[in-house]
Amino acid sequence: MSDKSKAMFGFDTNPSNIIPKKYTLDSKIRFRCHPGVSCFTACCGHIDIILTPFDILRLRKHLNLPADEFLLRFTTPTYVEKTDLPGVKIHLDKDGRCPFVTDKGCTIYPERPSACRYYPIGMANFHEGGQEGIQSEKFFFIVKEDHCKGHEEPTEWTIKEWRADQGVDLCDEMNREWLEIVMRRRSFGHQASMSEQAQKMFFLASTDTDKFRDFVFNSSFLDTYDVDQQTLDKIKDDDIEMMLFSFQYLASALFGAGDLKIKEEKIQERVSKIDDKKAMAEVKAEATYKDLLAERDKLTEALKDKK
Ligand code: SF4
Ligand code: SF4
């Protein structure tokens with residue numbers, strides 16, 4: 001089997017494997033994956049499975065591991081969806097197999113990542129859903145790879161039914177804001193570069209809710225951002241709320257978008273710092289200008305003396 005990317009959100013799948021047809025939630029498909037198919041677990045190797053923050057959270061909870069240990073043991077760094085945003089994918093074993101697969105199937109099946117749930121139905125969002133005020137067209141497509149015998153099974157259902165069966169809707173809901181950030185970043189193309197600090201913050205917020213919580217409560221964060229008490233109460237102990245809050249922070253910090261705002265006095269502080277810098281620059285420019293004038297006068301005098 002050749003190396004490939006399992007479609008997480010449908011953007012990077014090998015186009016030759018995509019059936020050239022747009023599907024809706026009501027479209028009917030024939031597909032079933034079960035231990036009786038001859039290809040059982042064939043798709044659990046030689047694949048890139050990028051993990052969303054929700055995937056990481058629920059996998060590490062299931063495995064009872066802190067985020068950093070989970071990341072170290074089961075993931076490898078990557079960039080998300082052809083952007084400069086750092087993320088992680090599942091670290092395959094030496095034979096190129098997912099560490100969670102056995103002959104009997106997926107050992108983490110109830111908590112399996114979003115990408116494994118979506119397969120083989122991808123979702124595309126034209127305009128890639130990242131920009132506010134821009135209408136996006138959503139549709140589904142089917143990835144049909146030769147090795148996947150699930151397409152030969154007689155079970156018929158609508159895409160809506162199939163997605164409900166796979167628990168995709170919850171993933172969509174949890175991944176939505178993060179994906180919007182990724183897509184917004186992607187729409188900038190490769191011209192716009194992101195600072196190393198912003199990349200680190202994206203990685204932290206996307207992979208480790210505990211460390212991000214520590215950052216929120218034990219840094220100057222709450223002096224800078226306007227966060228109401230109700231939100232603070234929610235994010236203090238609830239990991240899902242913390243994760244969703246981190247997406248708000250990323251939208252605000254990376255694009256100045258969303259509901260999380262910098263406190264008015266902090267904005268004023270920054271404006272006055274900029275004003276101070278501007279005033280200092282003006283004073284410096286004026287002094288330089290005066291020096292230059294003095295130099296010019298000296299030169300003029302010297303030339304006169306020579307005549
Ligand atoms: S997480 Fe489970 S379903 Fe996904 S590739 Fe690994 S073994 Fe297969
Ligand atoms: S039927 Fe398709 S999805 Fe299921 S195990 Fe086989 S290759 Fe994977």
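**Notebook: loops, ligand shells and helix H1**

**Entry 1. Thr41.** I began with Thr41, which is found in the loop between strand E2 (28-30) and strand E3 (47-48). I note at the outset that the model is predicted. For the backbone of Thr41 I read a phi near 70 degrees, a positive value in a residue other than glycine. I recorded this because most residues other than glycine have a negative phi. Is Thr41 buried, exposed or partly exposed? I counted 17 other C-beta atoms within 10 Å of Thr41, so the residue is partly exposed; the class lies between the cut-offs of 20 or more for buried and 12 or fewer for exposed.

**Entry 2. Ligand 2.** I then looked up which residues surround ligand 2 and found Thr41 among them. From the same part of the sequence, the shell includes Cys33, Val37, Cys39, Phe40, Ala42 and Cys43. Tyr119 also belongs to the shell of ligand 2, as do His147, Cys148, Lys149 and Gly150. By class, I find 8 nonpolar, 3 polar and 1 charged residues around ligand 2.

**Entry 3. Ligand 1.** Which residues lie around ligand 1? I list Cys44, Ile49, Cys98, Phe100, Val101, Cys106, Ile108, Arg112, Pro113 and Cys116. The shell of ligand 1 divides into 9 nonpolar residues, no polar residues and 1 charged residue. In this tally cysteine counts as nonpolar and arginine as charged.

**Entry 4. Tyr119 and Pro120.** I returned to Tyr119, listed above in the shell of ligand 2, to check the peptide bond that follows this residue. The bond from Tyr119 to Pro120 is cis, with omega near 5 degrees. I made a separate note of this because most peptide bonds are trans. I place Pro120 in the loop between helix H3 and strand E8 (121-126).

**Entry 5. The chain as a whole.** I count 11 helices and 12 strands in the chain. The radius of gyration is 27 Å, well over the 19 Å that the globule rule gives for 307 residues, so the chain is more spread out than a compact globule. Along the principal axes, the C-alpha atoms fill a box of roughly 105 × 50 × 40 Å. Buried residues account for 27% of the 307 residues. I also checked contacts between residues at least 6 apart in sequence: 73% of them join residues at least 24 apart.

**Entry 6. Domains.** The domain assignment gives domain 1 (4-187), domain 2 (196-262) and domain 3 (265-307). How far apart are the C-alpha centres of domain 2 and domain 3? I read a separation of 42 Å between them.

**Entry 7. Helix H1.** I next examined helix H1 (residues 53-62), in which 8 of the 10 residues are buried, so this helix is largely enclosed by the rest of the structure. The buried residues of H1 are Pro53, Phe54, Asp55, Ile56, Leu57, Arg58, Leu59 and Arg60. What covers them? I find that the cover includes helix H2 (67-74), helix H3 (114-118) and helix H5 (168-187). Helix H6 (196-207), helix H7 (209-217) and helix H10 (239-255) are also part of the cover. After H1 comes Asn64, whose phi is positive, near 55 degrees.

**Entry 8. The E4–E5 hairpin.** Strand E4 (residues 75-79) pairs with strand E5 (residues 86-90) in the antiparallel sense over 5 bridges. I noted Thr76 opposite Lys89 in E5. The two strands form a hairpin with 6 residues between them. In the turn, Glu81 has a positive phi of about 50 degrees. Lys82, found in the loop between E4 and E5, also has a positive phi, of about 55 degrees, although it is not a glycine. Lys82 has 11 other C-beta atoms within 10 Å, so I class this residue as exposed.

**Entry 9. Val143 and Asp237.** I closed with two single residues. Val143 lies in the loop between strand E9 (137-142) and strand E10 (156-158). Is Val143 buried or exposed? Val143 is buried, because 22 other C-beta atoms lie within 10 Å. From Val143 to Asp55, I read 22 Å between C-alpha atoms and 88 residues along the sequence. Asp237 lies in helix H9 (residues 229-237) and counts as exposed, with 9 C-beta neighbours inside 10 Å. The C-alpha atoms of Asp237 and Asp210 are separated by 9.6 Å, with the two residues 27 apart along the chain.

Methods: Residues numbered from 1 in each chain as written. Chains lettered and ligands numbered in written order. Predicted model: local features only at pLDDT ≥ 70, side-chain atom pairs only at ≥ 80, totals over all residues. Helix = DSSP H or I, 4+ residues; strand = E, 2+ residues; numbered from the N terminus. Rg over C-alpha atoms; globule rule 2.2 N^0.38 Å. Contact = placed C-beta atoms within 7 Å. Near = placed C-beta within 6 Å. Domains from an automatic or database assignment. Pairing = 2+ DSSP bridges.
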